[in-house]
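The exercises that follow ask you to read a structure step by step. Try each task before you turn to its solution.

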Amino acid sequence: MYRWLWQRLPGGTTSKAVCAAILAITAAALLWFIIFPWITPQLPLDHVMPGG
Amino acid sequence: MRTVLRVFGECCVTAGAIVLLFLAYLLWGTALATSAHQHAFATQLQRQWQTHRDVRPATTRLHLVTGQPFAFIRIPRFGGSWRFAIVQGTGLAQLALGPGHVPGTALPGQVGNFAVAAHRVTAGNPFWHLNELRPGDKVMIITAATRYTYLITHTELVLPGDTAVLDPVPGRPHQSPREAMITLITCDPPWTGTHRIIVSGSLDAQTPHTGQHG
């Protein structure tokens, strides 16, 4: 999976590394700012109210 | 076969990394957002209270708006820098801002049961150490003109369905209250929703204050 991705990144090793870092940061940002805030209230996690 | 195993392994590593990132988000990501709100609330309350004092000194009327702060809570056992603005309401949207006052329960200092709920984890972990409070510990609620000091009387674990802890006289639904009580609520054990930890106290002193916010 990752080898397949790595082979498709453009340029030499440096260029590939930069692209990989950008991809990883984008994925992390998507999780952190969009997916995690959306998923947190749906989890049975830390519900503090009696009756709720 | 090797390829299948490799892809499976990569998926596991990826899933692990996502779970770790999610943990970091719960511990620090949500805390950052809450602390930004709390900073804004502190400034907002100081300004409001200053205006109150200039216009009509020592007013005790509280104006409750869902999601808006109206008081500070301090618990000396949690350290001198531990202070949160209490907002009105205990929906997830309000608890993400800070500890919330349970709607319909008494106001600070009022005869009845002033109930405050807060997250154990996430949102800056306000009540992380709630289980460490002991009888005799102080809880201070600071409103525009008054500082209310409650003393902890007892701590108990209840099931999530037990709403009697919110009654004006906790656990006695049909009694009318004679005492000003406080009830602090969070989940127990941390991270879960299986139980609620309830810390109760009664009003010990109320003193006027003119300082910034005690």
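**Exercise 1.** In this predicted model, work out how many residues each chain brings to the contact between chain A and chain B, and which elements of chain B take part.

*Solution.* Begin with the totals: chain B supplies 28 residues to the contact, while chain A supplies 15 residues. Next, look for elements of chain B that give two or more residues to the side touching chain A, and you will find helix H1 (2-55), helix H2 (92-95) and strand S7 (180-188). Of these, H1(B) gives the most, with 7 residues. Finally, sort this side of chain B by class, which yields 16 nonpolar, 8 polar and 4 charged residues.

**Exercise 2.** Find which residues touch the most other members of the largest nonpolar core, and then follow one of them to its neighbours.

*Solution.* The core holds 44 residues, and those touching the most other members are B:Ile73, B:Ile86, B:Val116 and B:Ala117. Several elements of chain B give two or more residues to this core, among them H1, strand S1 (69-74) and strand S8 (195-208), but S7(B) gives the most, with 6 residues. Now take B:Val116: leaving aside residues up to four places away in sequence, B:Val116 touches B:Ile73, B:Ile86, B:Pro99, B:Gly100, B:His101 and B:Leu184.

**Exercise 3.** Decide how the radius of gyration of chain A compares with that of a compact globule of 52 residues.

*Solution.* First note that chain A has 2 helices and 0 strands. A compact globule of 52 residues would have a radius of gyration near 10 Å, whereas chain A has 18 Å. The C-alpha trace of chain A spans about 60 × 20 × 10 Å along its principal axes, and buried residues make up 10% of its 52 residues.

How values were computed
Residues are numbered from 1 along each chain as its sequence is written. Chains are lettered from A and ligands numbered from 1 in the order in which they are written. This is a predicted model: local features need pLDDT of at least 70, side-chain atom pairs count only at pLDDT 80 or more; totals for chains, interfaces and linings use all residues. Two residues are in contact if their C-beta atoms, placed from the backbone, lie within 7 Å. Helices (H or I, at least four residues) and strands (E, at least two) are DSSP runs, numbered from the N terminus. Ala, Val, Leu, Ile, Met, Phe, Trp, Tyr, Cys and Pro count as nonpolar, Asp, Glu, Lys and Arg as charged, and the others, Gly among them, as polar. A nonpolar core is a set of buried Ala, Val, Leu, Ile, Met, Phe, Trp, Tyr and Cys residues joined through C-beta atoms within 7 Å. A residue is buried if 20 or more other C-beta atoms lie within 10 Å of its own, exposed if 12 or fewer, and partly exposed in between; C-beta atoms are placed from the backbone. The radius of gyration is taken over C-alpha atoms; the globule rule is 2.2 Å times the number of residues to the power 0.38.
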